[in-house]
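Trainee: I'm new to this one, so please pick a single part and take me through it slowly. I'd like to see how it sits among its surroundings.

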Amino acid sequence: MSQTAAQPGSPADGLTEALLPRRPLLAWLGGHLPVGPELVVTRISTGHSNEMFRLEMPGQVWLLRRPPRTANAPGAHSMAREFRVLRALRGSGVPHPEALVHCEDPEVVGAPFLVLSFVTGFAPTLPLPAPFTGDVAGQREMAGALVDALAAVARFDWRPAGLDGFGRPDGFLDRQVDRWLGQLARYRTRDLPWLDELSGWLRARQPARPVTGLLHGDYTWSNVMFAPDRPGRVAAVVDWEQSTVGDPLLDLGQLTGLWYEQGEDAGGRDPRALFCQLPGNLTRRELVERYARASGLPVDDIAFYQALALFKLACILEGGWARFRAGASDDPGHRNFERRVPALLARAATFAGLRA
């Protein structure tokens, strides 16, 4: 993985022990996996979501995920949801890590957690590793594979896989605006541009015939691991804690809404780090057209889904800024949300045609 890991014996070990106490962890894992006292636990990253740890025994490696120290909303980082959907995906055409064990008892390490197979691959942050560095054709392969994997999620037959009751697909779009405004109200501390205009536009422009399918809930290139060889291939779609059964076109809206083409304002993010702005990469239109061919779903209302996805993301990320402002978060990414949230809302307004 591309994140910087804290090595055993480093000053970060104190935080690793606080987030994942070794003695109770070993006691619980010993009943489920072949672990012993020689287990090496390495904190990989905090990200802006779940905490991740590498678990290593001689000849074996796993990935452990647990919720962050603080969350925007109750249930926002559900290990149970992620475990259930990953188990349902076994044997499907959706690339994913294998879910091995799930600890529901928060008393063991202070929070529920799950253990997954460790995916060999990389997230497409820049610079890309060889053989993709500077390889325009390889980068286009990666973008195509990114869309194809998303189409596989949308095609997944969720009912026979045991996902009845996993979401509430009836009226899914009807609930979206009020749901995210309600979450935002719990921590909102400032005026946000375009919020009211977007709320009204989204309610008025809701598609008359939404589709139903499995929804990842946070589908971006940063939540996809690519295999390290050519041709560009998705090794696993990761971070499924926001998944549900709803309208899968919202995933396409998020992917393409955050797809900044060359020359576009990157909305508070460093364009030098954006996979989507690599020379020769697919355009938003090409992504949407490829998805339509691969999924068989209608994409006529894609502007609605792009605006809704960015509206939702802005409401969620504002919680990170509120925590940082209150001193409850030391994540430097949360500091950047001060600018990024208004930029997301402005971009959503552009997709909606409310601004040039």
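**A close look at helix H10**

Mentor: Let's start with length: helix H10 (residues 332-351) has 20 residues, so at 1.5 Å a residue it should span 28 Å, and its end C-alpha atoms are indeed 28 Å apart. That expected span is 1.5 Å times one less than the number of residues. Helices here are DSSP runs of H or I with at least four residues, strands are runs of E with at least two, and both are numbered from the N terminus.

Before going on, keep in mind that this is a predicted model, where local features need pLDDT of at least 70, side-chain atom pairs count only at pLDDT 80 or more, and totals for chains, interfaces and linings use all residues. Residues are numbered from 1 along each chain as its sequence is written, and side-chain values use heavy atoms, with hydrogens and water left out.

Now follow H10 along its path. There's a kink of about 45° at Glu338, shortly before the proline Pro342; the bend is the angle between axes fitted to the seven residues ending at a position and the seven starting there. Just after the helix, Gly353 takes a positive phi of about 80°.

What about its surroundings? Quite a few H10 residues are buried, among them Phe337, Leu344, Leu345 and Phe351. Buried means under 20% relative accessible area, exposed means over 50%, and partly exposed is in between (1.4 Å probe, protein chains only). The cover over H10's buried residues includes helix H6 (195-204), helix H7 (249-257), helix H8 (284-295) and helix H9 (302-325), with contact meaning heavy atoms within 4.5 Å.

One charged residue of H10 deserves a stop. The side chains of Arg347 and Glu264 meet in a salt bridge at 3.5 Å, N to O, a term that stands for a side-chain nitrogen of Lys or Arg within 4 Å of a carboxyl oxygen of Asp or Glu. This pair links distant parts of the chain, since Glu264 is in the loop between H7 and H8 while Arg347 is in H10, 83 residues away. Glu264 counts as partly exposed because its relative accessibility is 25%, whereas Arg347 is buried at 13%.

H6, part of that cover, has a salt bridge too: its Arg203 meets Asp178 at 2.4 Å, N to O. Asp178 lies in helix H5 (residues 172-185), so this pair ties together parts 25 residues apart in sequence. Across the whole structure, a search finds 15 salt bridges.
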